[in-house]
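Trainee: Please give me a close look at one part of this model, residue by residue. I want the distances and the cut-offs behind the words.

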Amino acid sequence: QVPLMESGGGSVQAGGSLRLSCVVSGLDLDYYILGWFRQAPGKEREGVAAIYRPSLRLTEYADSVRGRFTISRDESKRTLYLQMDHLKPEDAATYYCAATDGGMVWSRLLPRDWQFWGQGTQVNVAD
């Protein structure tokens with residue numbers, strides 16, 4: 001069973017909003033750090049945002065989305081969220097949620113530091 005399952009992708013006009021969700025199963029949410037990554041066609045996967053364990057809930061954002069996107073987690077629903085506002089055409093990509101136990105490196109938002117991945121949800125932004 002895939003421990004991470006994304007939903008909420010779709011098509012939106014530039015300037016619009018979407019909220020992505022990721023249901024987490026089989027992982028101890030008190031221990032794992034959660035994050036969002038994205039990959040556009042022909043480009044490498046890049047980090048978007050991450051949120052630390054419930055004990056601190058620190059967040060980290062890529063410069064390209066800071067101030068427009070908000071990451072949050074709800075342990076009671078075992079769900080990670082990404083609220084995306086003021087979307088731009090360059091935000092179009094497949095978005096993946098991920099989990100890591102790498103407490104020392106999580107804020108670097110580098111894909112190689114993350115152990116578990118969802119299958120992705122597509123976001124399209126029309127100009």
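Mentor: Here is a walk along one strand, followed by two other sites for context. The model is predicted, so local features need pLDDT of at least 70, side-chain atom pairs count only at pLDDT 80 or more, and totals for chains, interfaces and linings use all residues. Residues are numbered from 1 along each chain as its sequence is written, and side-chain values use heavy atoms, with hydrogens and water left out.

Start with R73. It sits in strand β7, residues 69–74. Strands (E, at least two residues) and helices (H or I, at least four) are DSSP runs, numbered from the N terminus. R73 is buried, at 7% relative accessible area. Buried means under 20%, exposed over 50%, and partly exposed in between, using a 1.4 Å probe and protein chains only.

Where does the side chain of R73 reach? Its target is the backbone oxygen of Y32, at 3.1 Å. Beyond neighbours within four places in sequence, R73 is in contact with residues including L29, Y32, I51, R57 and L80. Contact means heavy atoms within 4.5 Å.

Now widen to the strand. Side chains along β7 alternate. F69, I71 and R73 point to one face and are buried. T70, S72 and D74 point to the other and are not.

Next, the partner strand. β7 and β8 (residues 79–84) run antiparallel, joined by six bridges. Two strands pair if DSSP finds at least two bridges between them. S72 stands opposite Y81 in β8. The hairpin of β7 and β8 has four residues between the strands, and R78 takes a positive phi near 55 degrees there.

Now the disulfide. The term means a pair of cysteine sulfur atoms within 2.5 Å. A search of the whole structure finds one. C22 and C97 form it, with sulfur atoms 2.0 Å apart. The S-S torsion is about 50 degrees, so this disulfide is right-handed. C22 lies in β3 (residues 18–24) and C97 in β9 (residues 93–100), so the pair ties together parts 75 residues apart in sequence. C22 is buried at 1%, and C97 is buried at 0%.

Last, D113. It lies in the loop between β9 and β10 (116–117). D113 is buried, at 11%. Its side chain makes a polar contact with the side chain of R108, at 2.8 Å. A polar contact is a pair of N or O atoms within 3.5 Å; within protein, one must be able to donate a hydrogen and the other to accept it, and residues adjacent in sequence count only if both atoms are side-chain atoms.
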